[in-house]
Amino acid sequence: MREPERKSVSRRLVRSPVYPLAATTPETHRAMALSLKISLPHTIPEPIPFNGLLTNSLLASLPGSEFEELLRYLEPVSLQAGHELYGFQKNIDYVYFPETAVISHLYLLEDGSTSGASIIGSEGMVGLTAVLGSRPPYYWTQIIVGGSALRIRAEVIKDEFARGRTLQQLLLGHISSRLSQLAQRAVCNGRHRVHERLCSWLLMIQDRVNEEELPLTHEQIAHHLGARRPGITASCNTLRDNGVISYHRGLIRILDRPTMEASACECYQALRGR
Ligand SMILES: [Zn+2]
């Protein structure tokens with residue numbers, strides 16, 4: 001009687017597919033992130049003087065009186081590329097309104113692979129889970145392109161959100177855009193080729209950066225696209241040989257935007273302006 005039971009269990013185990021799991025503890029998550037060298041530890045963002053120019057779309061859309069109430073809590077900071085804003089399952093004390101910085105959510109899986117989710121620039125805000133009262137996120141929040149942002153304590157924005165004024169409407173619109181981006185990228189990751197995903201991703205980053213040159217290495221891009229670095233290098237070489245981009249010492253410049261857009265998957269146009 002015992003022998004058949006053991007065989008049955010064994011067959012079930014053999015037949016069970018093995019999927020990579022999301023890293024489930026802060027310790028394993030951090031150990032993997034360090035071994036992959038995908039993110040530098042969190043450091044306190046460097047304060048900078050307020051330049052008086054408001055480039056974050058959410059803050060710029062607030063009525064003057066509502067913005068004035070928030071102004072005394074807003075703190076301009078400089079964010080460095082490669083550093084983390086929030087670690088895996090860490091509580092969020094501050095939310096960030098990017099101005100020139102570009103920020104991404106990055107998932108780590110137990111097989112050592114990574115994949116990026118949202119890309120957030122001056123059109124949005126980082127730290128929504130704290131405002132919505134959700135549990136700390138299961139992803140890593142990393143600065144892709146360094147630059148400036150305005151930060152504010154999460155409870156201040158949470159209180160303002162609860163008042164139901166303009167900021168609430170703006171944030172609800174931003175949440176809707178983020179959901180659209182997540183849905184589109186889920187389809188993109190499953191259905192589109194690495195080359196066209198790379199073109200879409202670079203265009204999305206370029207749209208959020210004021211500079212002509214994007215400070216991105218092939219390894220960084222591979223982590224965010226959930227692709228292997230040799231594949232990214234091969235695609236970058238093709239784009240460079242065709243005069244679409246140039247790259248030198250970790251700086252990528254888009255030279256021929258129309259061809260880049262034609263090479264991108266449909267997801268770029270679907271998400272453009274969101
Ligand atoms: Zn796509």
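# A guided reading of the predicted chain

The chain contains twelve helices and eleven strands. The model is a predicted one. Of the 274 residues in the chain, 37% are buried. Where contacts join residues at least 6 apart in sequence, 79% of them link residues at least 24 apart. Two sheets, a pair of helices and a few individual residues are considered in turn below.

The four-stranded sheet offers a starting point. Its strands follow the order β1-β2-β8-β4, the sheet is open, and the pairing is antiparallel. Because β1 and β4 (94-98) stand at the edges with a single partner strand each, one side of each has no neighbour in the sheet. In general terms, the strands of a sheet pair through backbone hydrogen bonds, in either a parallel or an antiparallel manner.

The pairings can be followed strand by strand. Strand β1 is joined to β2 (residues 75-79) by two bridges, and these strands run antiparallel. Within that pairing, P47 stands opposite V77 in β2. Strand β2 is in turn joined to β8 (residues 147-153) by five bridges, again in an antiparallel arrangement. Two facing positions help to fix the register of this pairing in view: E75 stands opposite R151 in β8, and L79 stands opposite G147 in β8.

Residue E46 gives a closer view of the edge strand β1 (residues 46-47), in which it is found. Beyond its neighbours within four places in sequence, E46 is in contact with V77 and S78. The C-alpha atoms of E46 and V77 are 5.4 Å apart in space, although the two residues are separated by 31 positions in sequence. Is E46 buried or exposed? With 11 other C-beta atoms within 10 Å, E46 is exposed, since a residue counts as exposed when that number is 12 or fewer.

A helix also meets this sheet. Helix α6 (residues 154-162) lies across β4 and β8, and its direction makes an angle of about 70 degrees with β8.

Attention now turns to helix α8. This helix (residues 194-207) has 14 residues and reaches 20 Å from its first C-alpha to its last, close to the 20 Å expected at 1.5 Å a residue. Why is α8 described as largely enclosed by the rest of the structure? The reason is that ten of its 14 residues are buried. These buried residues are R197, L198, C199, S200, W201, L202, L203, M204, I205 and Q206.

One partner of α8 is helix α9. In general, two packed helices are described by the angle between their axes and the distance between the axes. The axes of α8 and α9 (residues 218-225) come within 11 Å and cross at roughly 105 degrees. That crossing makes α8 roughly perpendicular to α9, because angles of 65 to 115 degrees fall in that category. On the α8 side, V194, R197, L198 and W201 take part in the contact, and they meet I221, H224 and L225 in α9. By class, the residues of this contact are five nonpolar, one polar and one charged. Among them, R197, L198 and W201 also appear in the list of buried residues of α8.

The second sheet is open and has three strands in the order β9-β11-β10, with antiparallel pairing. Strands β9 (213-215) and β10 stand at its edges, each with a single partner strand, and therefore one side of each is left without a neighbour in the sheet. On average, neighbouring strands here are turned by 25 degrees against each other, direction ignored. Three bridges join β9 to β11, and these two strands run antiparallel. One facing position in this sheet is L214, which stands opposite I252 in β11.

The loop between β10 (245-248) and β11 (251-254) holds R249. This residue is not a glycine, yet R249 has a positive phi of about 50 degrees. As a general background, most residues other than glycine have a negative phi. R249 is exposed, with 6 other C-beta atoms within 10 Å.

A final position links this region to a helix. N237 is found in helix α10 (residues 229-241). Its C-alpha is 9.1 Å from that of Y247, and the two residues are ten apart in sequence. N237 is partly exposed, because 13 other C-beta atoms lie within 10 Å.

How values were computed:
Residues are numbered from 1 along each chain as its sequence is written. This is a predicted model: local features need pLDDT of at least 70, side-chain atom pairs count only at pLDDT 80 or more; totals for chains, interfaces and linings use all residues. A residue is buried if 20 or more other C-beta atoms lie within 10 Å of its own, exposed if 12 or fewer, and partly exposed in between; C-beta atoms are placed from the backbone. The expected span of a helix is 1.5 Å times one less than its number of residues. Two strands pair if DSSP finds at least two bridges between them. Axes are lines fitted to C-alpha atoms, for helices over the stretch in contact, and angles run from 0 to 180 degrees between N-to-C directions. Two residues are in contact if their C-beta atoms, placed from the backbone, lie within 7 Å. Angles under 35 degrees count as roughly parallel, over 145 as roughly antiparallel, 65 to 115 as roughly perpendicular and the rest as oblique. Ala, Val, Leu, Ile, Met, Phe, Trp, Tyr, Cys and Pro count as nonpolar, Asp, Glu, Lys and Arg as charged, and the others, Gly among them, as polar.
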